[in-house]
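Me: Could you take a close look at the buried parts of this chain, and at the charged side chains that pair there? I am new to this structure, so please explain each term as you go.

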Amino acid sequence: MEGEQKFEGTEGDRQFERAYNDDIKLYATFEDHDRFCSLRDQLLSVDLYSQPSGDDDRLEWLLHRNITLIFDLYQEQAYLLDPYLEQLFAPVVETLKTHAKKFVSSSSASVSKWRLHRLSLLVYHFIKFRGYKTMTRFFPHEIADLSVVLDYISATNSPVQEMQQWPLRYAMLLWLSLICMIPFDLEQFDEVGHSGETASRIEAVAKSFLGRAGVDREGAALLLSRLYMRKDMASKLPVFLSYVTSQLEGLSDAFMGLGLMRVICEVMKLGAAEEVQAQKEALLQVAHVLADNKTLVANTAIRKLRTKAIARIVIRLLPAKIRRLHAKGRALASEGNVGTEAVIEEDFDVPEETETVLEDLFKALRDTDTIVRYSAAKGIARICERLPEDFAEQVLDQVIHLFSIHSAAVASIYDMPSIAESTWHGACLACAEMARRALVPNERLPELIGWLTKALYFDIRKGAHSIGSNVRDAASYVLWSLSRAQSVEALEPHALNLARHLVVAALFDREIHIRRAASAAFQEYVGRTSLFPHGIDVLRKTDFYAIGVRRNAFLVAAPEVAEHEEYRPFLIDHLLSVTLRHWDPAMRQLGAQSLRAVCDLDLPLLGPEVAARVARLLEVPDTGDIHGALLALTELAAAMRDSSHPQLVPERRKVFAYLSTVPLATIQSPRQEDITEAACRFIAAGISLPETQHAQSSVPHWRLVVDSGLRSKSDAVQEAAAAALAAVSRLVDCSAVVDRLIGEFAAGSAPMQQSLARVLGVLDYASHPHGIESAVRCLLGMVDRTNGSQNVEARRNAFVSMPQILKNVSGCLVQNLSAEIVCEMTDALQDGLTDYTSDERGDVGSWVRMACVNGLTSFVETLFTHASTLPEFSHYFPPSRYHDAIGGILKQGVERLDNVRQQAGECVVTLLLLPPPAVEQAQQWRIHGDAKMKEKFLSNEESVGWNDGSWLFPRVVELLQIEQYRGQLLAGLILSTSTKTDSTQRPVASALVTYALQLPIATDAPDHYDQRSLARDLLAQAQKKVTSNTVVIPVLQTFNVLLEADVFENVPQDPEGLQTLRTLLALVSRNAGRVKNPQRINVSMRCLVNLIPLAELQSECIAQLYQFLAHQYPRVRADTAEYLYLVLSSKDTGMETDDVEEILLETEWSLKDMGSVDDAAKRCIELLTKAQSA
């Protein structure tokens, strides 16, 4: 009911909700106290015994919703309401109490169930906000309230019995749980001769709600537990335990099981120790019976409650905490260490049940669910607090032993079975809880820390992901706990080892929460022990924010930490042994980059040594290891290439020689695209001039590797292979290779064509010619519409390559490319803007158009920058081609696809900011209307909004004033207006209508637009290709948008405008019966009907209506009748059309019987003709 209410509130309410949705801020005080009290008082002022009207009901739900929003605002800082809780909550619960009293005294009174529901929901929100333990204290707890609440809940006609009143049940049960703790014998409330009736009624009420699925079950469990904790109810507890045992034996209802176990747990927690000790056999029997019920123990929550219950049984059997070991390292190191209090030992016999329960808890530590393991860990630690020291050490032994269960027969931690995750996680949690309580003796630290340093790297691959992040997180938690509990002297021997492992986890773990957990543990050690080398400095480099982003942790923080010699070797070892062998390729990539960054600190020393160690991974059969090694060698080779140290030149050749270790079959395998890509990248980074000579090359098959990369279907591999050839082209002339590849183009596969297009663009033509003219001719042939490639990716790559070639030879353009061929490339890019190819993937032509937009922008930048070096700049880039390019880019900037618009918008901004070419008559290359464009797109915010139609179109329609770009802008706007994408169509239609309504009917002023010209230009777009539906339909849809908004209602007053609209009428009505495309028929019909309100064209339009009303397609007839009725009834046509509208409504236009339909159509035309002439 609450979620279904939809209504409008006051302006203040809307402002409050907007503030809530926009920003959840941190508060210092309860700023909304007065507003909360006002809303609460309004909600409480309603009469619960009268039914609200519809408006009142909506208003009350609004009040309740706003109170809920305030609760949600302060949920993270609930303590801010503590000083006001009683005054806020007391009126609410007093209203509930008044209602309960009135109902008990006069149960016939009819209460509004929804008003009562809102009141109880308000009580529930208080309890949810601050917790039942806090809020229960503010319930009334007078003696007289017991009978009121009990009678209210027990009544057969009580609202509590209604299903939707779950908050009311919960509140009343909590209230009753507080009242039943009154320090008076419950028998005082019994009638004479009915001893124990009150207690039995309370017990029966609680049991009746114990199997519910909602929070009322929790309230019932709390009520029962507090009832049995009373001294006068001691005799009832054994009976209840027998009841629980009998219920659990064959029970399959998980909710009832949860309720029963919740009662047991609460009794164990708060009941008297003597009671627990007296009933220990019965309690353990409950746990045993539950363990035998396979249906119930399959439920995680029930297993958790069972674990909690058996732990609490033993805790209550043992004496209070006899080992009061205060934490030894809790003061900061600068303040000195706090000494250990004397250990108090008492000789006592440990109950025999302890061992059995501990065995159960050890099993629970290996449970499949985290909440069960955590409950068992806390139970074990709490029991150990109460055990003698030697017994507690035996428990610790058993916990540590869990680490070795799955580790005995495996070579490394990464080879363990996936089931080991639960065991290791449980063991870590138990160790953490024991460490927090100072239960780990100093002599056990070496063994424990040894296991924990392994747990920090627990990561087992399972399919396409891995498991073990919770183990690593728990290991960080244990180490954090040790820093707070152990003495500085005990931790000192392990300080360096711990520092290294924690730094590695903080820098190189895959998961952000583990990096932060390790950083927090490191911080704790630095602050409390001051034992870690360069602790403050390292902590600054690996703080919460520095390691929050994985890339930053690997590439920024890690090199900074590696500046310290104590950590550098350990970081390198981890990168080599773990990160480069990680199951996630992205981690291997980052590990390789981080390794380079660390080695850059002392490349001549570290580079060769690390490369040799990396090369060993190439010899292992695991393809992941080979991939990681190739990535690392690539980074090291690139670092050596970029270094100025002369001694690294021969070392770089040694690094490149490692490629020969990898079998060629492995690299060329179609299933190992990652390795193929990495090998090509390695060649690009490591190739040198001697290696290009076959006789001197240490890796003779590197050419085969590049060839296999070029033929790959993967874009990433093709790009890597192209980069390798680009590196070779900087060293030697590759004309022969280019000729061979061009020769293979025609018969080549689609991947080969894509690769060729990439390669021709990245070759270094400035170093060697490489047959540049042949390359450009090949690219131009590739994008030719008639004889070019049919592969859209190949065309896209070709368009990407053209500006790359021009930029590559821009310094010596005249020597390499003639003005004619540059103009051909410009024309090809301009033609690419009209590529609207579609296939099963959608508008794949957009890839080409985006490449052409970027390419034209790059052409302009390159040619403008080097204009002074070109003797005839106007021949290379004529002004007409430049303005065509600007118009084409603007057209893409207003089309229907968001990503294309955004890309084009960024290019428009780039061109607006570009200085003119340094040539004579540079004004010829100035963008027309650049001042207006800068005003619209550069004044406040740049191109960030081009993908947002509501931001863009109101600005861009005003550019229609610029005559030179008007045709292309209008073509783009037409496509956007006709799109089915609502987020584009609505804003462009609205903007175009708003702009057109502001235009004059006709004007002869330069750089001004008018409605007559708009209609003429729209029609001209359609007349370019009248037979093409893809051209005509968008134009007619745009006309319909404008006609529906009455944009052209005054245009017929102008003779030229009237002739334009007559031409439009002829276009939509000519041969309408022969048109086969349903969409064109529909938009033509709508356009015809929309022209009827224009008096000058009315008779002509009416004459053409018949061919649509009597069309051969039933759907066309029905749509025409419906739309004609809509126009006649909603617009002023100057005619009396009531009879026509009646015929349109009463005729069944979709009938197959054309006789009656034809008669109706003729009758409509006849009546409209008479009405028009009248």
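**Buried positions and their charged pairs**

Reply: Ile-1102 is buried, with a relative accessible area of 2%, where buried means under 20%, exposed over 50% and partly exposed in between (1.4 Å probe, protein chains only). The model is a predicted one, in which local features need pLDDT of at least 70 and side-chain atom pairs count only at pLDDT 80 or more, while totals for chains, interfaces and linings use all residues. Residues are numbered from 1 along each chain as its sequence is written, and side-chain values use heavy atoms, leaving out hydrogens and water.

Ile-1102 belongs to helix α56, which covers residues 1098–1109; helices here are DSSP runs (H or I, at least four residues; strands are E, at least two), numbered from the N terminus. Its C-alpha atom is separated by 9.0 Å from that of Gln-1172, although the two residues stand 70 residues apart along the chain.

Charged side chains are also found among the buried residues, as the salt bridges show. A salt bridge is a side-chain nitrogen of Lys or Arg within 4 Å of a carboxyl oxygen of Asp or Glu, and the structure holds 73 of them. In one of these, Arg-472 meets Asp-509 at 2.6 Å, N to O. This pair links distant parts of the chain, since Arg-472 sits in helix α22 (residues 469–485) and Asp-509 in the loop between α24 (495–508) and α25, 37 residues apart. Both partners are buried.

Another salt bridge joins the side chains of Lys-891 and Glu-895, again at 2.6 Å from N to O, and here too Lys-891 and Glu-895 are buried.

A further pair is made by Asp-1054 and Arg-1012, whose side chains meet at 3.4 Å, N to O. The two residues lie 42 residues apart and connect distant parts of the chain: Asp-1054 is in the loop between α53 (1029–1044) and α54 (1055–1069), whereas Arg-1012 is in helix α52 (residues 1011–1023). Asp-1054 and Arg-1012 are each buried, and they take part in a network of salt bridges that also includes Asp-1004, Arg-1016, Asp-1017 and Glu-1056.

Helix α11 (residues 236–250) offers a view of a buried side, with Leu-237, Phe-240, Leu-241, Val-244, Thr-245 and Leu-248 buried. These residues cover an arc of only 140° around the axis, which puts them on the same side of α11; the arc is that of the directions from the helix axis to the C-beta atoms. The face turned away from this buried side carries the exposed residues Val-239, Glu-249 and Gly-250.
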